[in-house]
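Reader: I'd like a close look at one part of this model, the packing of two helices and the rings around them. Could you walk me through it and then put it in context?

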Amino acid sequence: MKDLFSFLPVPFDLIAYCVAAGVICISFIAAMASIFVWLERKVSGRIQDRLGPTRLGFWGLPQMIADAVKLLTKEDFAPDVADKFLFKLAPYLAFCASFIAFVSLPFGNGIVGHELNVAAFFILAVLSSEVFGVILAGYASGSKWSLFGGIREAAQVVSYEVPRSMCVLIPVIVAGTLNLNTIGKQQTGFFWEWNLFHDPFTFVAFFIFFIVATASCKRAPFDLAEAESELVAGFHTEYSGLRWSIFFMAEYASMFAVSGAASLLFLGGWHSGLAPFELSEQWGWVGHGLNVVVFVSKTSLLVIVMMWIRWSLPRLRIDQVMMTCLKYFLPISCVLLLGVCVWELFVPNSIETGWRFLSAFVCAALVFGLIFRLLTAPLTMPRGELPGAWKGVATPLMNSKA
Amino acid sequence: MTELGLTPYLCLGAFLFCCGLLCIATKRNAIGILMGVELVLNAANVNFVACARYVPQFALEGQVFALLVIVLAAGEAAVALAIILNFYNNHSTVDVDKADELKG
Amino acid sequence: MLSWLLATPGRLYVVATLLPLAVFALLLIGGGVRAVCRPYRETHGFARFCYFFLGGHKPLKSGAYLATAGIAASAVLAVIGLVRFLDDSHALSPIEVEHRWAERTSWAEVGATESGPAIALDLGYRIDHLTALLFAMVACVSTMIFVFSLGYMHDEMEETHEDHEAHVKRPGRYGRFFLFLSLFCFSMLNLLIADNLFQVFISWELVGVCSFFLIGFYHERRSAGLAANKAFIVNRIGDAGFMIGLAIIWTYFGTFNFQEIFTKLASDGPPMPAYLFAIAGIGVFLGCVGKSAQFPLHTWLPDAMEGPTPVSALIHAATMVAAGVYLVGRCYPLFSPDVRLLIAYTGMITLFLGATIALVQTDIKRVLAYSTVSQLGFMMLALGIGGWVAGLMHLLTHAFFKALLFLGSGSVILGCHHEQDLRKMGGLRRKMPITAFTMLVGVLAIAGTPFFSGWYSKDLILSNAMGFALHDNQHMALFIVPLFTAGLTAFYMFRLWFLAFTGQPRDHASEHAHESPLTMIVPLMILAVPSIIVAWGWPLWDPHSSSLAHLLEHAKPGMANGLDREDETHLAGWLALAAAALGVTTAVFIYVLKKVDPASIQAKAGALYGFLKEKWYFDEVYDAMFVRPTIALGFCSARFDKKSTPAAQAEVADRTMNVTSLDGVLNVLGLGTLAIGGKLRVTQSGYIRRYVTVLMVATLAFVAVFVAVYFVG
Amino acid sequence: MSLDVVLFTAIASAIAFSALAVVFSRNIVRSALWLLFTLIGVSLLYFLLGAEFVGATQLIVYVGGTMVLVVFGVMLTAQQQFLKIRIRPQEWLVAGILASALFVLLVTTSFHLGEGKNSPPAEPMPGSGPLGVGFLTQYLLPFEIISVHLLVVLIGAAYLARAKRRPGGNRD
């Protein structure tokens, strides 16, 4: 990609490339954020029987535009007691941290801002500094609720960083490199080549990582920093309008980043798992494009799972959050780390291959079974009707049918 | 200046070092002093890494010791903050000038 | 095990040496465990079991048997070793003998450099004729003494022993006695087999400390404690000289190994200035003077009689005093002619001194003690005039008959219920016939009666002395004095025997005397045999054909050859015999026929008698020369520090110091520091930023110096 | 002008500005923020130098760990009266003069030390692999010492900062 700007003199081609990559990233994140906001509404609407998102226009898509307009036009104010400078700075800090993670997140084979040798480590590092924005926001608001939220966030993120790093280490040990692009390439082939199925420890590690990553993105059920029932709205109590939306862009960006990391580390990255070769090497630009599509959809799937969790599970208490991390995830991830080391050192290849196929096919069977069941299960309601308390209320679908 | 040599890095390190010292010397807030210490440590680290880059035989050493300094700084900060919090609990202040019970 | 021993038969000696040490260690551990368990003896459990298993309240009797068995085994090994060594030295070449009978290992290394090897402190053993003979002698005599002690120390076996002299009741110390004896024997045996001066020095000090323990065995008695201290301190004076000698030798030779030193000496001569060589020799000899109780450090030996009699026997016959003579013989090449002359004159003075004092002593053990001093003087004299063989042979023969005499005196003392005064004895011949007879053998041997072992060695010494004196007329005294002393020896030894064993009992103690038990008699009888025969050779009547002398000739250091000048006419022997006969006759006249009353002589020569009785006033002189000045100096120092106040306010004086003296100076230092600190503490403001400012100044200075030195300069 | 020079100039001036701001900020929270920027800048400098692992470590430990702690401390002790405690101007003057003198000296030294080292060697810096191997072989002892040190710090900090029960209970 760097060749694109080779017509410029020496330092400027790189600068131009950087600027271009940055613009692409930012617009991608912005687009993603608004899509995710829409998606979140849809998911929550489906799960919790909320009507709005399912109604407005085509698939509720105009809601996205309505949200954007609302946020952009909302009055931007800061409390009197707030530390204005920090108050204004905080959202950008949080966003920057999430944004920088995309620098080394490969979307496809070589489709990466800057190919770092320590990319996995780097992503962890920058994501963990997102907490600063939250802390500063909490402090600068000059509100007790915000300060509590900020401090909760700090404690939670710093704690969850530890098991998260350990879970990242597990596929890294399997791969022998911290370079995410290399890790992605190593999983070329069918889906049983994914690190998820490498051994029982990586299999468990994926789920632990995913939970811990959810927590470190301060998503429910770990969203104690913005627990509206306790702290009004936590660190962003005093924010509104654009600044508030930037916090949410940061949150969605970091969700996307950790999900991307998860899919790269465990789920084969940009590989569909259905072709035994690297698409980009065989089909050129088309392959690259397919890779990006596969990667984005995989990652989005993980994000949707996060939303699914958010709308399904109740929020934990702060002491439960900390206990879950320090008493359960930390020891478990330590054991997994040791286990994967032992596996790498002492387990013969035949057993490894056997496990690979066994677990992959069992998982595939389960997934297919689930999908089949979902598709074939009888509907609890007649098509177009709403369930529960909304039973009998007219819906557009009903209207159209009628 | 078309080539970037070792000197600019060392100068930057020197600048950070002096800032750190100045910070320690002019802050009365205990945490401010701690920040000064962090600056000084970072100055040293900049020198380490720069030397690791520009002096081939230090390529590994410089990085190793930079890492060690980083880790040590983390430990130092933890203990220092614990002490500061203790001090705050006992004196209800973080003004180090109040910590003069042992002065001569 | 056997093949290991036989591969290098010298290891027999190692085993024999280490046996007493092993016994010592066992007894020590046993005693220690018992002492540790003692507080728990009332409780039940393992500690109580240990306590009573190891003897409980009673002294360790089995320990004594163990120790005796150990030293007896050593003696057996020593005799086997002697026989095998004599065989080997006949059959094999010297190199092979060296290979089979010497080993060494490096114990500690100092200063290894690339250019040269490290200087190593070695541990090792080397057996030659001298060592083999002395080793066998020490082991055998010690065994006899151990067996004797089993009987002699019998009253220490009681659970509560009452010391009548110190008036205290205490537990018996049977086991402890043998513990120390074992260590003593180990030290002496180790000293004998050592092939280097370092090991000798270690054993030397061990011997010293053991003698300290044993002389002070009845430490409740003040006199015993003082005697032990005296022995130890006087020995330290000698050891200081020894240390100086060692230091010089180490510096110039770089090794302590005898063979290496002698080889270097023989090939290149002394590698140091002549005066240093002389000082080294004198230093080593000074050590021997202390250990072997030579003039002027002889005063400790008679006092050492405070220990139990077997200890006296061990010190006088086999171990401690023998060590000094042995070392002079062993280090012979280290002595330049001047030093040898010094040795000879020291020996001469000592032998005369000892004999004259022995004339008038009335304590049976003191007579023997001074006779030992005198006999040691003979040995030193012999060594000094070049009679290497004569001196060491006298050491050997003297060991047997002096052990016999001391054990005999022990038997007498026990028989007379711890009465040691000769004036209160008498007529014991009939009450303790075996003791009397065996002691007579000893007396005859020491007096130089023909065909007794003492005759051979003393004859050899005197003939060497005569040869030396004839060769160099200005040293005629070196012959005349020993000759005269030979007569004195015969006189005082017979005086002892006559006073103790003939006539009528003069005190109720001797009236109720009885013969000692078998464990004491048997060693006496056994020791009587070598006292007679140990120096025999063929023809029997020729003292110069003694086989012992011929054996010792093998071990004679090369440079001692040609030094001894025997007279060929045997005149010295006849003269000595005549002197001895004269002495015996005088003794018979005075003490048997009672032609002359000793009291009248005493009255006529009152001054001389007093002079001798008070041991030439040596103790008094030393007291005046060293002890009193030291104490006076101490008082002066105290006066210097303390203000002089009336005696009534002594306590006040202790507290008030003289401010202008040392104490005052120290106070000024302290107060000054305090004042400076008081000024400086203001700088400790408690403000971190001030400290950092100082730090910056310091850093600035350092960096400036750095820049100046490395870049500008 | 190569890209390196451009980037270095940008980053270094940012670092310098932030460092100065750390010193001169009256408000301790602002100081912490500027320190954060300094540290991030330093880590960017490491990336620029090619020491990626050190840079990432700087980010995760310093920025994500140490600085969070510092800010945490600031917040726990931040009351309005402590946010802006000052010292006398004379002290500022003395410290400033000394620090600038030191800076001049150090810069002089830097110019001497940096002589002849104008271009870095062609081969890249050793990455995480050689570093890891180095830590487990050649630098095992310092590594172990640091590990034990961290353990001690962990225990010590936990002990020092634990909630103490006051006998009187006069303060919360």
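Author: Here's a walk through one helix pair, followed by its chain and a few spots elsewhere. Keep in mind that this is a predicted model.

Let's start with the helices themselves. Two packed helices are described by the angle between their axes and the distance between the axes. For H6(C) and helix H7 (residues 174-193) of chain C, that's an angle of about 175° and axes 10 Å apart. Anything over 145 degrees counts as roughly antiparallel, so H6(C) and H7(C) get that label. On the H6(C) side, the contact is made by C:Thr131, C:Leu134, C:Phe135, C:Val138, C:Ala139, C:Ser142, C:Phe146, C:Ser149 and C:Leu150. Facing them, H7(C) brings residues including C:Tyr174, C:Phe177, C:Phe178, C:Leu181, C:Cys185 and C:Met188.

Now pick out C:Phe135 from that list, since it has a ring partner too. C:Phe135 and C:Tyr13 form an edge-to-face aromatic pair, with 4.8 Å centre to centre and 85° between the planes. The pair ties together distant parts of the chain: C:Tyr13 is in helix H2 (residues 11-37) of chain C, C:Phe135 is in helix H6 (residues 129-152) of chain C, and the two are 122 residues apart. Buried means under 20% relative accessible area. C:Phe135 has 0%, so it counts as buried, and C:Tyr13 is buried as well, at 1%. So C:Phe135 shows up twice in this picture: in the contact with H7(C) and in the ring pair with C:Tyr13.

Stepping back to the whole of chain C, there are 31 helices and 4 strands. Of its 713 residues, 54% count as buried. Long-range contacts feature here as well: among contacts between residues at least 6 apart in sequence, 76% join residues at least 24 apart. The accessible surface comes to about 30,400 Å², and carbon and sulfur atoms hold 69% of that. Rings in chain C also meet charged side chains: C:Arg221 lies over the face of C:Tyr218, 4.0 Å from the ring centre, while C:Lys458 lies over the face of C:Phe378, at 5.1 Å.

What about rings elsewhere? Over all chains, a search of the whole structure finds 62 aromatic pairs. One of them is A:Tyr239 with A:Phe247, edge-to-face, at 5.0 Å centre to centre with 85° between the planes. A:Tyr239 counts as buried at 5% relative accessibility, and A:Phe247 does too, at 4%. Chain A also has a cluster linked by ring pairs, made up of A:Trp194, A:Phe197, A:Phe203, A:Phe206, A:Phe207, A:Phe209, A:Phe210 and A:Phe266.

While we're in chain A, take A:Ile318, found in helix H13 (residues 318-346). A:Ile318 counts as partly exposed, at 25% relative accessibility. A:Ile318 and A:Phe222 are 96 residues apart in sequence, yet their C-alpha atoms are 8.2 Å apart in space. Leaving aside neighbours within four places in sequence, A:Ile318 is in contact with A:Arg152 and A:Leu224.

Last stop, chain D. This chain has 7 helices and 0 strands. Buried residues make up 45% of its 172 residues. For contacts with a separation of 6 or more, residues 24 or more positions apart account for 53%. The accessible surface of chain D comes to about 8,700 Å², with 68% belonging to carbon and sulfur atoms.

Definitions and conventions. Residues numbered from 1 in each chain as written. Chains lettered and ligands numbered in written order. Predicted model: local features only at pLDDT ≥ 70, side-chain atom pairs only at ≥ 80, totals over all residues. Heavy atoms only, no water. Buried < 20%, exposed > 50% of the residue type's maximum accessible area, 1.4 Å probe, protein only. Contact = heavy atoms within 4.5 Å. Areas by Shrake-Rupley, 256 points an atom, 1.4 Å probe, with all protein chains shown as cover. Phe/Tyr/Trp six-rings, centres within 6.5 Å; stacked < 30°, edge-to-face > 60°. Lys NZ or Arg CZ within 6 Å of the ring centre and 35° of its normal. Axes fitted to C-alpha atoms, helices over the stretch in contact; angles between N-to-C directions. Parallel < 35°, antiparallel > 145°, perpendicular 65-115°, else oblique.
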